[in-house]
Amino acid sequence: MSILRVINVSKSFGKLQVLKEINMEIKAGEVVAIIGPSGSGKSTLLRCLNSLEVPDSGTVYFHDTEVNAKTQKEADLNTVREKIGMVFQHFNLFPHLSVLENITLAPRLALGMAPKEAEEQAIKLLNRVGLSDKVNSYPNKLSGGQKQRVAIARALAMGPEVMLFDEPTSALDPEMIKEVLMVIADLAHSGLTTVLVTHEMGFAREIASRIIFLDEGRILEDAPPQEFFNNTQSERAKIFLSKVM
Amino acid sequence: MFIQVWASMVIDFSRMTRWIPTFLEGVGVTIVLSLVTVTIGSILGLFITLLRRSHLLPVSALAKFYILFIRGTPLLVQLYVWLYALPLIGIVIPPLPVSSPVFGTREFSTAVIALGINSSAYVAEILRGGLDAIDKGQTEAARSLGLSSRQNMQYVVIPQAIRIILPGLGNEFIQMIKESSIVSTVGIFDVMYTSNIVKAGTYLVFEPLVIISLIYLILTSVLTFLQRQLERKLNVDLKSN
Ligand SMILES: Nc1ncnc2c1ncn2[C@@H]1O[C@H](COP(=O)(O)OP(=O)(O)OP(=O)(O)O)[C@@H](O)[C@H]1O
Ligand SMILES: [Mg+2]
């Protein structure tokens, strides 16, 4: 069963065509790592999945619903977004809210969850990401790794069917990368459908069920990790791998 | 010659004491005028900001032109237009229904409108600055969680922007204390105008001007101090957050 489908999606910023007729399907339970050179369109593709970017042409489906921030009714779009969690490179925690409030805000506002229930759930999630002692802290009191784990908990609080990660460890000091990757691995192993843009090749190889290699707005490879890493097809991917590994 | 004039000039503040009530009355008018003006300016400025953020191009263009026009012409000209030009085409601001000889005049109500509208354009800029200062990532995070654009504004953007906007509005009030002095040119009894009254009553020029300068200085200093306190408090709040 496919959760997300991308059909013939193209996207330009001004004269620069960033995505060129992309086709992609994410099935339930898959862990898909999107890799590729800087500027190849990875973030843009990911952001098309929850319509933070709207394709110029082509369609994105979440199950059978077309996701499109321009044409869709706002309430319908929000319902879809509730089911698609997103974690950003720079965390984007709400600095005026405590860790607990960061996590409970959306369940309360968007799902109408009772405050008490939302808080209990938030505490469970903080446990899961190893931050139960930070319930009442504010984001600026946290390290980068802790912020990102809170951001993950915040996304999980909506009970998403799929999680999108856009280079979740790129803004972190090296010693904090592992704690975040461990959380992501834990989620992936629990069967949560995951799409992960990353430069961490070792990690992608370890947890991904599929690797998508993007280059200049095109998908050049789409294969299970053993196949992708051991039997790289395209010249571009070979060059890329030789640089990053 | 000059020196002689200089030497023969007697500075005598003792003759000012009996005018203290007059000065204080002016202070009251200046404060009321500035406060009412900035209040109207804030409400109108918020409205203009909403229009400017409209997705309808003509609406936002109109709001932008309004701001450009108001900020690009002198306040004094705007005041004269409201008071002397617009009545010629039938637009007259009626006096407020109060019996006070200061607040109940057409000049006062018109000044409130002219200054309020002027202030609204500056407030709109302050609001824009506050809203623009909030990182786009905040909105993206909120929307990706399924919050509506309204909820995003109400719970994510505005609570953060307030910390930038409130000090800006404080500044606007301080500016208005000084700039409202131009209403004295149309006979409104504010701090500036009291110096004319005292001059006429005493034939002294130097002393009343020194006194009203001090009055403005004290008003703006006190307000600046309060403003700093507010800013510090907001900053502390932000830090503890
Ligand atoms: N909002 C935007 N406006 C203009 N250009 C943009 C915008 N977003 C992205 N781009 C450009 O589109 C291209 C692809 O960007 P994208 O962020 O998708 O690349 P990426 O593969 O995620 O790169 P990186 O690994 O550096 O994050 C880049 O050249 C980028 O500068
Ligand atoms: Mg990117």
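Which side chain has an N or O atom 2.7 Å from an oxygen atom of ligand 1? Select S43(A), whose side chain supplies that N or O atom, a pair that falls within the limit for a polar contact (N or O atoms within 3.5 Å; within protein, one must be able to donate a hydrogen and the other to accept it, and residues adjacent in sequence count only if both atoms are side-chain atoms).

Before going further, note that this is a predicted model, in which local features need pLDDT of at least 70 and side-chain atom pairs count only at pLDDT 80 or more, while totals for chains, interfaces and linings use all residues. Residues are numbered from 1 along each chain as its sequence is written, chains are lettered from A and ligands numbered from 1 in the order in which they are written, and side-chain values use heavy atoms, with hydrogens and water left out.

**Around ligand 1**

Stay at ligand 1 and show the backbone: a polar backbone atom of G39(A) is 2.8 Å from an oxygen atom of the ligand, and a backbone N or O atom of G41(A) lies 3.0 Å from a ligand oxygen. Taken alone, ligand 1 exposes 630 Å², of which the protein buries 60%, the areas coming from the Shrake-Rupley method with a 1.4 Å probe.

Now widen the selection to the 13 residues around the ligand, of which S38(A), G39(A), K42(A), S43(A) and T44(A) come nearest; a residue is included if one of its heavy atoms lies within 4 Å. This shell divides into four nonpolar, seven polar and two charged residues, where Ala, Val, Leu, Ile, Met, Phe, Trp, Tyr, Cys and Pro count as nonpolar, Asp, Glu, Lys and Arg as charged, and the others, Gly among them, as polar. Strand β2 (16-27) and helix α1 (42-49) of chain A each supply at least two residues of the shell, and α1(A) gives the most, with three; helices (H or I, at least four residues) and strands (E, at least two) are DSSP runs, numbered from the N terminus.

**Two backbone stops in chain A**

Select E21(A), found in strand β2 of chain A, which has a positive phi of about 50° although it is not a glycine. E21(A) counts as exposed because its relative accessibility is 53%, the classes being buried under 20%, exposed over 50% and partly exposed in between (1.4 Å probe, protein chains only).

Move next to H63(A), in the loop between β4 (57-62) and β5 (65-66) of chain A, where the phi is again positive, at about 50°, in a residue that is not a glycine. H63(A) is partly exposed, with a relative accessible area of 22%.

**Into chain B**

Select R163(B) in helix α7 of chain B, a residue that is buried at 19% relative accessible area. The side chain of R163(B) reaches the backbone oxygen of P159(B) at 3.4 Å.

As a last stop, select I212(B), which lies in helix α9 (residues 206-240) of chain B and is buried, with a relative accessible area of 3%. Add E25(B) to the selection: the C-alpha atoms of I212(B) and E25(B) are separated by 12 Å, although the two residues are 187 residues apart along the chain.
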